[in-house]
Amino acid sequence: MTQALRPGPIEALPLALDGKGRAVVIGAGLGGLAAAMRLGAKGWQVTVVDRLDRPGGRGSSIRQGGHRFDLGPTIVTVPQGLRDLWAACGRDFDRDVTLVPMDPFYRILWADGSSFAARQGDAAMEAEVSRLSPRDLAGYRRFLADAETRYWFGYEDLGKRSMHRLRDLFKVLPRFAWLRADRSVHAHAAGRVRDPRLRFALSFHPLFIGGDPFHVTSMYALVSHLERAFGVHYAMGGVQAIADAMVRVVTDQGGRVVQDAEVDEVLAAGGRASGVRLADGRVLPAEVVVSNADPGTTYTRLLRHQPVRRWTASRLMRSRWSMGLFVWYFGTKGTRGRWPGAGHHTIVVGPRYREHIREIFQTGTLSEDMSLYVHRPSVTDPSVAPEGDDTFYVLSPVPHLGHKAPVDWQAMAEPYRQKMLKVLEERLLPGLSACVTESLVFTPETFRDRYLSPHGAGFSLEPRIFQSAWFRPHNVSEELPGLYLTGAGTHPGAGVPGVIGTAEVLAALVPDAPGRDATALGMAAE
Ligand SMILES: Cc1cc2nc3c(=O)[nH]c(=O)nc-3n(C[C@H](O)[C@H](O)[C@H](O)COP(=O)(O)OP(=O)(O)OC[C@H]3O[C@@H](n4cnc5c(N)ncnc54)[C@H](O)[C@@H]3O)c2cc1C
């Protein structure tokens, strides 16, 4: 699959019409590919360059021993964002990718043996809430109403427009104040429901995009509305199937996606971005340069020869970064149908929550206990594992590498994996160790080296209020005209819908290609 997508050498690229209208995108993550699609639709001749061997970035996959390990995103919310992206390119998303709705969305298991299944449909959800804490039903309904209000403002309005001018921020401040965006999402849930487990179930979601629920703005309550209104989906073939389909759109538009090629530097001429230099010395000239690399990497490495005023290395160092991730990918033999309590998505909550979160985000220490997200795609997608077998990944949030005494993962990875195995055997998958046939571990050090992620953070800058909207690196660079930014570290932020959104905001800031001629550029006319 990857082989088929690998394009020819960069030298073989056709010249853009009249030598104009060239755009280079650094990074084939979902944000970079979405930006490439949108620029292609605006007539730009796009070249995407990525240092990895396949597209998708964190959303890519690795095949090993007959298993496909989807490395990152597993939950697809708001499919409309993807449908809109495809439609902007004259294409039909549902012809290219099959999404399967999940029900339950996920199950949460607590250490005391209790559980909660997030379900599709109000009646099913309310039945679960009543089972867990009948006195909280009214508060739960109020929380959902709050979530919807925040959705209309935070997702549909703020999330879809550029926030690069200070006046954009001033315009929205009164609304932020009215919605108590200064309050944390956990505090907001605690103001509506009393059961601590329900507070968790309504407010843990920022962890999916790298945020501390005790500090991230209550705007993120909107995720509960996203789940309720649009469901939770799985992409057959994994999110890799979405990334592969994006590559097909880009190539149909006349663009190229070049893997195994690292950008070393963004070039400038006459005070504007003028292209990129690859690590092997080749130069790709372009009138528009888009970086899907982390903004920390973009400003400290790729722009190292340009003057930088706002996003200096020291400012980036002082910023709050999302947590790191320890992920164990493994395959098991002959287990299909076993462990009925382990569905497609399970959250295994450790014995401590608030303290554990504090250790991850504040003190930067590796906790003795752990809370886990368990992904078992073989429940839904037989193509992910050999017949009768299962494919899993288990994720534990851990401190990033930027704290005072970072964890030495060379030494700690195996003991930590062993501890994870023990927790899994006790809480969800008894007898697991005897069935494991394939194993692969990612630590924050892998994230640092594989994705060039500052501090090995899982999701770039943490989505705190003073690191959101105008405060986040802008989609049009503050530092170099002609440079644009997309992806998790930019506005509106991380997560599949978030990074697809960053490309939408970015594309509205880029003009149509000069002398645009959609037919000549080979745009799909489906
Ligand atoms: C384990 C995990 C689970 C997740 N689960 C979910 C989920 O269930 N649902 C959800 O919505 N979100 C989830 N997320 C978040 C989501 O995956 C990310 O926010 C999103 O995929 C990030 O996309 P991106 O485009 O910003 O960047 P990335 O995916 O990081 O892509 C950036 C790309 O740029 C390339 N690059 C960087 N520098 C250079 C350079 N100098 N030259 C060439 N290439 C370069 C990198 O190789 C990479 O391919 C998860 C993330 C992780 C890590």
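**View 1. Domain 1 and domain 3, side by side.** In this predicted model, the C-alpha centres of domain 1 and domain 3 sit 28 Å apart. The protein chain as a whole splits into three pieces: domain 1 (2–10 + 20–98 + 236–318 + 463–509), domain 2 (122–231) and domain 3 (323–451). Where domains 1 and 3 meet, 15 residues of domain 1 are in contact with 16 residues of domain 3. On the domain 1 side, strand E3 (61–64) and strand E4 (67–70) are the elements that give two or more residues. E4 has the largest share there, with four residues. By type, that side of domain 1 is made up of eight polar, four nonpolar and three charged residues.

**View 2. Zooming in on arginine 63.** Look for arginine 63 in strand E3. Arginine 63 has 13 C-beta neighbours inside 10 Å, so it counts as partly exposed. Its C-alpha lies 9.1 Å from the C-alpha of valine 384, though 321 residues separate the two in sequence.

**View 3. The shell around the ligand.** There are 37 residues around the ligand, and the ones that come nearest are Gly27, Gly29, Gly31, Gly57 and Gly487. Helix H2 (30–41), strand E14 (324–332) and helix H17 (496–509) are the elements that give two or more residues to this shell. H2 gives the most, three residues. Sorted by type, the shell holds 20 nonpolar, 13 polar and four charged residues. Where does the ligand lie relative to the domains? Domain 1 and domain 3 both give residues to the shell, so the ligand lies between them.

**View 4. Helix H17 and its surroundings.** Here's the helix that runs from 496 to 509. At 1.5 Å a residue, its 14 residues should span 20 Å, and the end C-alpha atoms are 21 Å apart, which agrees. Is H17 largely enclosed or largely open? Twelve of its 14 residues are buried, so H17 is largely enclosed by the rest of the structure. The buried residues are Val496, Pro497, Gly498, Val499, Ile500, Gly501, Thr502, Ala503, Glu504, Val505, Leu506 and Ala507. They pack against H2, helix H3 (79–88), strand E13 (288–291) and strand E19 (483–485).

**View 5. The largest nonpolar core, with alanine 34 as a way in.** Nonpolar side chains tend to be buried together in soluble globular proteins. In this model, the largest nonpolar core has 146 residues, and Leu33, Ala34, Met37, Met246 and Val250 have the most contacts inside it. Helix H11 (residues 239–252) supplies the largest share of this core, nine residues. Which residues is alanine 34 in contact with, leaving aside its neighbours within four places in sequence? They are Leu85, Met246, Val499, Ile500 and Ala503. Val499, Ile500 and Ala503 are also among the buried residues of H17.

**View 6. Over to histidine 225.** Histidine 225 sits in helix H10 (residues 222–230). With 21 C-beta neighbours inside 10 Å, histidine 225 counts as buried. Setting aside its neighbours within four places in sequence, histidine 225 is in contact with Leu144, Ala147, Glu148 and Tyr151. Alanine 385 comes 160 residues away along the chain from histidine 225, and their C-alpha atoms are separated by 33 Å.

Note on methods:
Residues numbered from 1 in each chain as written. Predicted model: local features only at pLDDT ≥ 70, side-chain atom pairs only at ≥ 80, totals over all residues. Near = placed C-beta within 6 Å. Nonpolar A, V, L, I, M, F, W, Y, C, P; charged D, E, K, R; others polar. Domains from an automatic or database assignment. Contact = placed C-beta atoms within 7 Å. Buried ≥ 20, exposed ≤ 12 C-beta atoms within 10 Å, placed from the backbone. Expected span 1.5 Å × (residues − 1). Core = buried A, V, L, I, M, F, W, Y, C linked by C-beta atoms within 7 Å.
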